[in-house]
Structure formats: structure tokens, C-alpha cells
Amino acid sequence: MLTGITGQDGSYLAEQLLSRNYEVHGLVRRTSSTQRVRLDALFHDSDVYDKRLFLHYADLDDTTTIRRILLKTEPDELYHLAGQSHVGASFEIPETTCQFTGMGTLKLLEIVRDLTKQPRFLHISSSEIFGRPDVAPQNEQTAMRPVTPYGVAKTFATNMVRLYRDSFGLFACNAICYNHESERRGESFVTRKITKAAAAISLGLQDKLKLGSLDGKRDWGYAPDYTDAMWRMLQQPTPDDYVLATGKEHRISEFLDAAFKAVDLDWHDYVEQDPRYMRPSEVTQLVGDATKAQAKLDWTATTTLPELAERMVMNDRKLQEPQCVGTPND
Ligand code: G4F
């Protein structure tokens with residue numbers, strides 16, 4: 001059972017589980033019906049949809065419906081990936097962020113606690129819990145010092161998962177994920193915004209790219225690697241928390257370099273700063289130490305930043321080419 005099955009991580013995890021012969025169930029919001037594009041291939045595969053992949057309608061705060069679905073489907077594993085995940089937006093909608101990202105997790109844990117057959121539970125936590133840490137790189141023991149509403153909500157949820165594991169004996173794990181991107185990344189996150197713009201500019205469909213602060217550095221990996229680690233976490237003999245990261249910190253300008261280089265352009269000619277995309281506060285020095293995941297899960301993030309950027313730009317060119325009339329860069 002997956003919450004957030006229509007998102008980037010949910011869609012990759014669903015594919016990986018299906019390829020491992022799982023029967024996969026996903027919770028979807030009624031309003032997310034137009035957001036199923038990432039599941040399109042599975043949805044239109046008559047051997048998969050409604051045979052090995054099942055979707056159920058339930059909002060994260062609809063505990064009665066979720067309880068009913070869990071009682072009926074009796075999942076072995078429950079991957080909780082849903083929530084308001086945009087850090088910038090969390091400053092605009094802190095209550096909604098805490099309601100879904102924080103309380104949504106607690107409500108699920110409460111339901112699982114009452115089930116006779118309890119599934120193994122995975123919560124997708126975030127490097128945002130570390131906020132402005134004293135140490136770099138961070139590991140599972142690093143103190144949580146969030147500085148964004150999203151980070152505060154994730155800290156609450158992460159601690160609740162630990163509490164339900166320690167106090168109520170749930171097989172509950174936190175995947176403490178650093179930034180992970182892909183061709184399926186939402187278009188408002190900085191990497192996808194950049195790759196989509198680089199592709200559009202190279203096709204003559206866009207002139208400028210407006211961004212917020214370029215001072216940030218991130219530890220950026222490739223999303224399917226991270227969902228694979230999530231599955232590995234639930235196959236362990238005991239529940240635990242794991243940092244999932246590449247261990248490499250890059251500036252936003254390095255991602256810009258790689259993305260625009262993939263289409264033979266120089267980003268300095270196109271990028272403008274726009275205060276609308278600046279945040280009231282920013283995390284710093286977020287870079288993860290995934291030694292434990294490597295040792296216990298036999299997992300490492302392998303995709304490099306230039307590979308990731310190029311892959312995303314080429315995919316965005318393919319998606320936008322049909323809109324392009326005439327020769328690119330005429
Ligand atoms: O792409 P971002 O929005 O990612 P952010 O804030 O690091 O959060 C992502 O990663 C977290 C860790 O895994 C997740 F928990 C979270 O759910 C999400 O997936 O922003 C990255 C950086 C920031 O410093 C931001 O200020 O890019 C900077 N930035 C500059 N211009 C921009 C923009 N970010 C966005 N979204 N849009 C801009 O125009």
C-alpha cells in the first residue's frame with residue numbers, strides 16, 4: 001500500500017514493486033485525478049491495472065476511509081510518501097503543511113497501531129529536519145534543527161515514527177531522504193524548473209528563466225535509487241532509520257551549468273533573479289552521510305549530478321518538441 005502513489009517517488013516505487021511481483025495498492029485523492037500522468041503507462045496496461053495495481057480514493061485526513069481500506073486490503077508493507085512536499089510553499093500554507101505532512105503521518109500510525117495484522121511502515125522523512133545543522137555531513141544521529149514549516153512538520157512526523165516504533169513496537173522506519181530528482185520531478189522544484197527551461201530555451205520556446213536565491217547547495221540524487229532503498233529498508237530483520245543521500249554537495253549554479261551545457265547554452269545569458277521565489281529562511285550545509293544504508297542495505301546512490309541534469313533536460317526536450325515549429329535556436 002502506498003500513499004502518494006501518483007507522485008514522483010510513488011510512481012517509481014509502484015513500478016519497482018510490480019516488477020518484484022507485488023500486488024500494489026495506492027491511496028489517491030479525488031482531486032488528484034488530473035495528476036495521474038506518472039502512472040499512465042501502468043494505468044493503460046490491461047495486465048496490470050485492476051489486476052495487480054489497485055487505486056483507492058482517500059484523503060490523508062479521512063481516517064475512517066483509510067482504516068476501512070487497510071482492513072480490507074491487509075497490506076504487508078505500507079509506504080507513506082504523501083504530503084505537502086514543497087518547502088517554499090510551506091511558508092505560504094503552514095497549516096495545510098502541518099495537517100498533511102505532520103498530522104497525516106500520526107493519523108496513519110494510529111490506524112496501524114490498532115490493526116490486528118500490522119503492515120511494516122515506511123515514512124519518507126527529509127533532510128529538512130536538520131535545517132541548519134552543526135555538523136556536515138549529517139547522519140541518523142544528527143540533531144534535528146528545522147528552519148522551515150515543512151521541516152518542522154517532518155520533524156514531528158519523524159519523531160512520531162520513532163516513538164511508535166519504540167513505544168508500541170511497530171515495524172516503522174524513517175527514510176531520511178536528501179533531494180532526489182528525476183524526469184518525473186514536479187515542475188515547481190528547482191531542478192525540473194531549470195531542465196524544463198533549458199529544454200524550452202534550446203527549442204526557441206522560452207527566453208528567460210526566473211529563479212530565487214542561487215546561494216543554496218543541495219545533495220541531489222536520482223529518485224529511483226531512493227525508492228529502491230525504501231523497499232530494502234522494509235526487508236530488514238529490524239526496523240530502523242536510514243539517511244539516503246549521495247554525500248556530494250552541489251551549488252544550484254552547478255546544476256545550471258550541467259543542464260544548460262546539455263543543450264550547448266550558457267545559463268548566464270538566460271537566468272534572472274526574482275524575489276517572488278526567495279524564501280524567508282533557507283537550510284544550509286545539507287549533505288548526507290549514507291554509510292549506514294551502504295553497510296546494512298547494500299545501497300549507494302550512483303547517478304552523478306551531470307548525468308542527472310542531462311537525463312532530465314533530454315526528457316524535457318522530448319516532451320516539448322511537439323510544441324516547437326521551425327528549427328531550434330533559429
Ligand atoms: O527544489 P527545491 O524547491 O527543493 P528543497 O527546498 O530542497 O526541497 C526538496 O528536497 C527536500 C529534501 O529532500 C524535500 F524534503 C522536499 O520535499 C523537496 O523535495 O529548492 C532547492 C533550492 C532552494 O534553496 C531554493 O530556495 O533551490 C532554491 N531555488 C531558487 N530558485 C528555488 C528557485 N526553488 C524553487 N522551488 N523554485 C525556484 O524558482
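Which atom of the ligand lies 2.9 Å from a polar side-chain atom of Y150? In this predicted model, the partner of Y150 is an oxygen atom of the ligand. Taken alone, the ligand exposes 710 Å², of which the protein buries 96%. Two further polar contacts were computed. A polar side-chain atom of N179 is placed 2.8 Å from an oxygen atom of the ligand, and a polar backbone atom of S188 is found 2.8 Å from a ligand nitrogen atom. Side-chain atoms of Y150 and N179 thus face ligand oxygen, whereas S188 contributes a backbone atom opposite ligand nitrogen.

The ligand is surrounded by 22 residues, and the closest of these are S85, S126, R218, R279 and E282. By residue class, the shell comprises nine nonpolar, eight polar and five charged members. Both domain 1 (2-181 + 223-244) and domain 2 (190-217 + 248-281 + 304-324) supply at least three residues to the shell around the ligand.

With regard to the overall fold, the protein contains eleven helices and 13 strands. Its radius of gyration is 20 Å, close to the 20 Å given by the globule rule for 330 residues, so the protein is as compact as a globular protein of that length. Along the principal axes, the C-alpha atoms fill a box of roughly 65 × 50 × 40 Å. Buried residues account for 55% of the 330 residues of the protein.

Several local backbone features were identified in loops. The peptide bond that joins A136 to P137 adopts the cis form, with omega near 0°. P137 itself belongs to the loop that connects β5 (120-126) with α6 (149-168).

Positive phi values in residues other than glycine were found at N21 and at D50. For N21, phi is near 70°, and the residue is located in the loop between α1 (8-19) and β2 (24-28). N21 has a relative accessible area of 66%; with exposure set at over 50%, N21 is therefore classed as exposed. Phi of D50 is likewise near 70°, and D50 occupies the loop between α2 (40-43) and β3 (53-57).

How values were computed. Residues are numbered from 1 along each chain as its sequence is written. This is a predicted model: local features need pLDDT of at least 70, side-chain atom pairs count only at pLDDT 80 or more; totals for chains, interfaces and linings use all residues. Side-chain values use heavy atoms; hydrogens and water are left out. A residue is near a molecule or strand if one of its heavy atoms lies within 4 Å of it. A polar contact is a pair of N or O atoms within 3.5 Å; within protein, one must be able to donate a hydrogen and the other to accept it, and residues adjacent in sequence count only if both atoms are side-chain atoms. Accessible areas come from the Shrake-Rupley method with a 1.4 Å probe; for residues, only the protein chains shown count as cover. Ala, Val, Leu, Ile, Met, Phe, Trp, Tyr, Cys and Pro count as nonpolar, Asp, Glu, Lys and Arg as charged, and the others, Gly among them, as polar. Domain bounds come from an automatic or database domain assignment. Helices (H or I, at least four residues) and strands (E, at least two) are DSSP runs, numbered from the N terminus. The radius of gyration is taken over C-alpha atoms; the globule rule is 2.2 Å times the number of residues to the power 0.38. Buried means under 20% relative accessible area, exposed over 50%, partly exposed in between (1.4 Å probe, protein chains only).
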